[in-house]
Amino acid sequence: MTTIEAPRSPVVPVKRRRTNWEKWGWLYQRVSGVLLVVLIFGHLFTNLFLGQGVRAIDFAFVAGKWANPFWIVWDLLLLWLALIHGSNGMRTLINDYTRRRLRIVLLVLLAVVTVGLLLIGTLVLTTFDPCLDKTVASQIPQCKA
Amino acid sequence: MWSWVLHRITGVAIFFFLLVHILDTALVRVSPEAYNQVIGTYKTPIMGLGEIALVAAIGLHALNGLRIILIDFWKLGPKLQRVMFWVAIALWIVLLAGFLPRQLTNVWFEFQGMGSV
């Protein structure tokens, strides 16, 4: 038999409010967006505009940039902020335009791709070896083993 | 509404470029030859025009993104949203006006280079 509460019984406290992830995702897009404007235009300026622009890019160019930890940190920030910003945006689109099974499949796929590329990118940036290239190696004393 | 549509379209395009760009850059960890070969394709005239499209997409997404932030957080934002859209378009044209000569010069050089090979 169901018991009916007496009138005017005290309000049962609602369970503790859960984190509003959607709000944090919304805020992340805006905060990372501002930082990405600086990071991406800096990236485009040094790689596509200065000097010879895109024609100058090769392994030696990358080695030259990453000889300075400043650019490694820059590119690490770029990798993490941009990829998560992009994935968070794609998540919004998947939620808007797909339903049921397809939605779940795409969300899982997105998560796998994002985590995978974050790991690959971080590994590349933290274990880069300029000595792999003979011409570059000949100019770096530390490469002589 | 069009700024919203453009924001989504440019966002998706930039996302897929980013996936490819992380993978092609990862080749520096495989071998310098592999990296140089793939990055070489970025220098062809057609890809040169593609880079213009990329910069155009990023520029639009960035400027409209800043506009969205101002609409969300600035007291006068919602009132000035239409004006800010045209300001973003104007800045976007300035951005492209700065980038186009530099990039088109490259496209032209590569185009001639390919002709002589």
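# Exercises on a two-chain helical model

Helix 1 of chain A and helix 3 (residues 45–73) of chain B pack with their axes 10 Å apart, at an angle of about 155 degrees. The model is predicted. Work through the exercises in order.

## Exercise 1. A helix pair across the chains

**Task.** Work out how helix 1 of chain A and helix 3 of chain B are oriented to each other, and which residues make their contact.

**Solution.**

Step 1. Start with the description. Two packed helices are described by the angle between their axes and the distance between the axes. Here the angle is about 155 degrees and the distance is 10 Å.

Step 2. Apply the cut-off. Angles over 145 degrees count as roughly antiparallel. Helix 1 of chain A and helix 3 of chain B are therefore roughly antiparallel to each other.

Step 3. Add the hand. The crossing of these two helices is left-handed.

Step 4. List the residues. Helix 1 of chain A brings A:Arg30, A:Gly33, A:Val34, A:Val37, A:Ile40, A:Leu44 and A:Leu48. Helix 3 of chain B answers with B:Glu51, B:Val55, B:Ile58, B:Ala62, B:Gly65, B:Leu66, B:Ile69 and B:Asp72.

Step 5. Sort them by class. This contact has 10 nonpolar, 2 polar and 3 charged residues.

## Exercise 2. One residue in that contact

**Task.** Decide whether A:Leu48 is buried or exposed, and find its contacts.

**Solution.**

Step 1. Place the residue. A:Leu48 belongs to helix 1 of chain A.

Step 2. Count neighbours. A:Leu48 has 22 C-beta neighbours inside 10 Å. The cut-off for a buried residue is 20 or more. A:Leu48 therefore counts as buried.

Step 3. Find the partners. Set aside the neighbours within four places in sequence. A:Leu48 is then in contact with A:Gly53, A:Val54 and B:Glu51.

## Exercise 3. A second pair across the chains

**Task.** Describe the crossing of helix 4 of chain A with helix 1 (residues 2–26) of chain B.

**Solution.**

Step 1. Take distance and angle. The two axes come within 10 Å and cross at roughly 35 degrees.

Step 2. Take the hand. Helix 4 of chain A passes helix 1 of chain B in a left-handed crossing.

Step 3. Name the residues. From helix 4 of chain A come A:Val113, A:Leu117, A:Ile120, A:Gly121 and A:Val124. They meet B:Leu19, B:Ile22, B:Thr25 and B:Ala26 in helix 1 of chain B.

Step 4. Sort by class. The contact has 7 nonpolar, 2 polar and no charged residues.

## Exercise 4. A pair inside chain A

**Task.** Determine how helix 3 of chain A lies against helix 4 of chain A.

**Solution.**

Step 1. Read the geometry. The axes come within 10 Å and cross at roughly 175 degrees.

Step 2. Draw the conclusion. The angle makes helix 3 of chain A roughly antiparallel to helix 4 of chain A.

Step 3. Look at the residues. Helix 3 of chain A contributes residues including A:Ile72, A:Leu76, A:Trp80, A:Leu83 and A:Ile94. Helix 4 of chain A contributes residues including A:Leu106, A:Leu110, A:Leu117 and A:Leu125.

Step 4. Sort by class. The residues divide into 13 nonpolar, 5 polar and 3 charged.

## Exercise 5. The whole contact between the chains

**Task.** Find how many residues each chain gives to the contact, and which helices of chain A take part.

**Solution.**

Step 1. Count both sides. Chain A gives 31 residues and chain B gives 32 residues.

Step 2. Trace the side of chain A. Helix 1 (21–49), helix 2 (59–66), helix 3 (69–97) and helix 4 (100–126) each supply at least two residues. Helix 1 of chain A has the largest share, 8 residues.

Step 3. Sort by class. The side of chain A that touches chain B divides into 21 nonpolar, 6 polar and 4 charged residues.

## Exercise 6. The build of each chain

**Task.** Describe the secondary structure and the spread of chain B and of chain A.

**Solution.**

Step 1. Take chain B. It has 4 helices and 0 strands, in the pattern α-α-α-α.

Step 2. Test its spread. The radius of gyration of chain B is 18 Å, well over the 13 Å that the globule rule gives for 117 residues, so chain B is more spread out than a compact globule. Its C-alpha atoms fill a box of roughly 55 × 30 × 20 Å along the principal axes.

Step 3. Check burial. Buried residues make up 22% of the 117 residues in chain B.

Step 4. Turn to chain A. It has 5 helices and 0 strands. Its radius of gyration is 24 Å, whereas a compact globule of 145 residues would have one near 15 Å. The C-alpha trace of chain A spans about 85 × 35 × 30 Å along its principal axes.

Step 5. Check burial again. In chain A, 17% of the 145 residues count as buried.

Notes:
Residues are numbered from 1 along each chain as its sequence is written. Chains are lettered from A and ligands numbered from 1 in the order in which they are written. This is a predicted model: local features need pLDDT of at least 70, side-chain atom pairs count only at pLDDT 80 or more; totals for chains, interfaces and linings use all residues. Two residues are in contact if their C-beta atoms, placed from the backbone, lie within 7 Å. Ala, Val, Leu, Ile, Met, Phe, Trp, Tyr, Cys and Pro count as nonpolar, Asp, Glu, Lys and Arg as charged, and the others, Gly among them, as polar. The radius of gyration is taken over C-alpha atoms; the globule rule is 2.2 Å times the number of residues to the power 0.38. A residue is buried if 20 or more other C-beta atoms lie within 10 Å of its own, exposed if 12 or fewer, and partly exposed in between; C-beta atoms are placed from the backbone. Axes are lines fitted to C-alpha atoms, for helices over the stretch in contact, and angles run from 0 to 180 degrees between N-to-C directions. Angles under 35 degrees count as roughly parallel, over 145 as roughly antiparallel, 65 to 115 as roughly perpendicular and the rest as oblique. A crossing is left-handed if the near helix is turned anticlockwise from the far one by less than a right angle, and right-handed if clockwise.
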